[in-house]
Amino acid sequence: MEKIAKILPYFRNFYLVVGVVAAIWILFFDRYNFLDRLETEIRIKELRADLTFYRAERDNIEETRNMMESDMGEIERFAREKYMMKRDNEDLFLITAE
(Lines give C-alpha, C1' and ligand atoms only; values in the text may rest on other atoms or scores of the structure.)
Protein backbone atom coordinates (compact mmCIF):
# COMPACT_ATOMS: atom_id res chain seq x y z
CA MET A 1 0.00 0.00 0.00
CA GLU A 2 2.89 2.32 0.71
CA LYS A 3 4.26 1.77 -2.80
CA ILE A 4 0.94 2.75 -4.34
CA ALA A 5 0.80 5.81 -2.13
CA LYS A 6 4.26 6.87 -3.39
CA ILE A 7 3.29 6.40 -7.05
CA LEU A 8 -0.18 7.99 -6.85
CA PRO A 9 0.99 11.62 -6.99
CA TYR A 10 2.66 10.98 -10.33
CA PHE A 11 -0.64 9.88 -11.85
CA ARG A 12 -2.13 13.24 -10.94
CA ASN A 13 0.41 14.96 -13.18
CA PHE A 14 -1.46 15.30 -16.50
CA TYR A 15 1.64 15.74 -18.64
CA LEU A 16 3.36 12.67 -17.24
CA VAL A 17 0.30 10.48 -17.84
CA VAL A 18 -0.18 11.78 -21.37
CA GLY A 19 3.53 11.35 -22.09
CA VAL A 20 3.53 7.74 -20.87
CA VAL A 21 0.38 6.91 -22.85
CA ALA A 22 1.85 8.56 -25.97
CA ALA A 23 5.12 6.64 -25.56
CA ILE A 24 3.26 3.33 -25.18
CA TRP A 25 1.11 4.17 -28.20
CA ILE A 26 4.15 4.99 -30.35
CA LEU A 27 6.11 1.94 -29.25
CA PHE A 28 3.38 -0.67 -29.72
CA PHE A 29 0.22 0.53 -31.48
CA ASP A 30 1.27 3.15 -34.04
CA ARG A 31 1.44 2.36 -37.75
CA TYR A 32 5.25 2.60 -37.65
CA ASN A 33 5.72 1.06 -34.22
CA PHE A 34 9.01 0.04 -32.68
CA LEU A 35 8.66 -3.70 -33.30
CA ASP A 36 7.87 -3.20 -36.98
CA ARG A 37 10.87 -0.90 -37.29
CA LEU A 38 13.13 -3.58 -35.81
CA GLU A 39 11.80 -6.19 -38.23
CA THR A 40 12.28 -3.78 -41.12
CA GLU A 41 15.87 -3.07 -40.11
CA ILE A 42 16.62 -6.80 -39.92
CA ARG A 43 15.07 -7.31 -43.36
CA ILE A 44 17.13 -4.42 -44.78
CA LYS A 45 20.34 -6.01 -43.45
CA GLU A 46 19.40 -9.34 -45.05
CA LEU A 47 18.65 -7.66 -48.37
CA ARG A 48 21.94 -5.75 -48.30
CA ALA A 49 23.80 -9.02 -47.72
CA ASP A 50 21.91 -10.56 -50.65
CA LEU A 51 22.75 -7.54 -52.78
CA THR A 52 26.46 -7.95 -51.99
CA PHE A 53 26.31 -11.65 -52.88
CA TYR A 54 24.49 -11.07 -56.16
CA ARG A 55 26.83 -8.26 -57.17
CA ALA A 56 29.79 -10.58 -56.65
CA GLU A 57 28.04 -13.27 -58.70
CA ARG A 58 27.29 -10.76 -61.45
CA ASP A 59 30.93 -9.68 -61.54
CA ASN A 60 32.03 -13.32 -61.75
CA ILE A 61 29.64 -14.02 -64.61
CA GLU A 62 30.71 -10.84 -66.39
CA GLU A 63 34.36 -11.88 -66.11
CA THR A 64 33.56 -15.35 -67.49
CA ARG A 65 31.61 -13.81 -70.36
CA ASN A 66 34.45 -11.47 -71.22
CA MET A 67 36.92 -14.37 -71.22
CA MET A 68 34.65 -16.43 -73.45
CA GLU A 69 34.17 -13.58 -75.93
CA SER A 70 37.90 -13.21 -76.41
CA ASP A 71 39.14 -16.83 -76.41
CA MET A 72 37.75 -19.72 -78.45
CA GLY A 73 39.64 -22.23 -76.26
CA GLU A 74 37.79 -20.89 -73.23
CA ILE A 75 34.45 -21.50 -74.94
CA GLU A 76 35.46 -25.08 -75.69
CA ARG A 77 36.63 -25.66 -72.09
CA PHE A 78 33.40 -24.22 -70.71
CA ALA A 79 31.26 -26.40 -73.01
CA ARG A 80 33.20 -29.52 -72.08
CA GLU A 81 33.02 -28.88 -68.33
CA LYS A 82 29.48 -27.57 -67.96
CA TYR A 83 27.57 -29.33 -70.72
CA MET A 84 29.63 -32.53 -71.15
CA MET A 85 30.18 -31.80 -74.83
CA LYS A 86 32.77 -33.64 -76.87
CA ARG A 87 34.20 -33.75 -80.32
CA ASP A 88 32.98 -36.33 -82.83
CA ASN A 89 36.11 -38.47 -82.59
CA GLU A 90 36.29 -38.51 -78.77
CA ASP A 91 34.77 -40.73 -76.09
CA LEU A 92 33.40 -39.23 -72.91
CA PHE A 93 33.73 -41.04 -69.57
CA LEU A 94 31.94 -39.69 -66.50
CA ILE A 95 33.37 -40.58 -63.12
CA THR A 96 31.20 -39.84 -60.10
CA ALA A 97 32.20 -40.03 -56.48
CA GLU A 98 29.77 -41.88 -54.26
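Lys and Arg count here as positive and Asp and Glu as negative, while His and the chain ends are not counted. On that basis the protein, which is a predicted model, carries 16 positive and 20 negative side chains, and the centres of the two sets lie 12 Å apart.

The secondary structure consists of 4 helices and 0 strands, and read along the sequence the pattern is α-α-α-α. The radius of gyration of the protein is 32 Å, well over the 13 Å that the globule rule gives for 98 residues, so the protein is more spread out than a compact globule. The C-alpha trace, followed along its principal axes, spans about 100 × 35 × 20 Å.

Burial and surface can be read beside these dimensions. Of the 98 residues, 4% count as buried, and the protein exposes about 9,800 Å², of which carbon and sulfur atoms supply 62%.

| Quantity for the protein | Value |
|---|---|
| Radius of gyration | 32 Å |
| Globule rule for 98 residues | 13 Å |
| Distance between the centres of the positive and negative sets | 12 Å |

One residue deserves a separate description. Met-84 is placed in the segment after α4 (72-83), and its phi is near 55°, a positive value in a residue other than glycine. Most residues other than glycine have a negative phi. Because its relative accessibility is 42%, and partly exposed denotes the range between under 20% for buried and over 50% for exposed, Met-84 counts as partly exposed.

How values were computed:
Residues are numbered from 1 along each chain as its sequence is written. This is a predicted model: local features need pLDDT of at least 70, side-chain atom pairs count only at pLDDT 80 or more; totals for chains, interfaces and linings use all residues. Side-chain values use heavy atoms; hydrogens and water are left out. Helices (H or I, at least four residues) and strands (E, at least two) are DSSP runs, numbered from the N terminus. The radius of gyration is taken over C-alpha atoms; the globule rule is 2.2 Å times the number of residues to the power 0.38. Buried means under 20% relative accessible area, exposed over 50%, partly exposed in between (1.4 Å probe, protein chains only). Accessible areas come from the Shrake-Rupley method with a 1.4 Å probe; for residues, only the protein chains shown count as cover. The place of a charge is taken as NZ of Lys, CZ of Arg, CG of Asp or CD of Glu.
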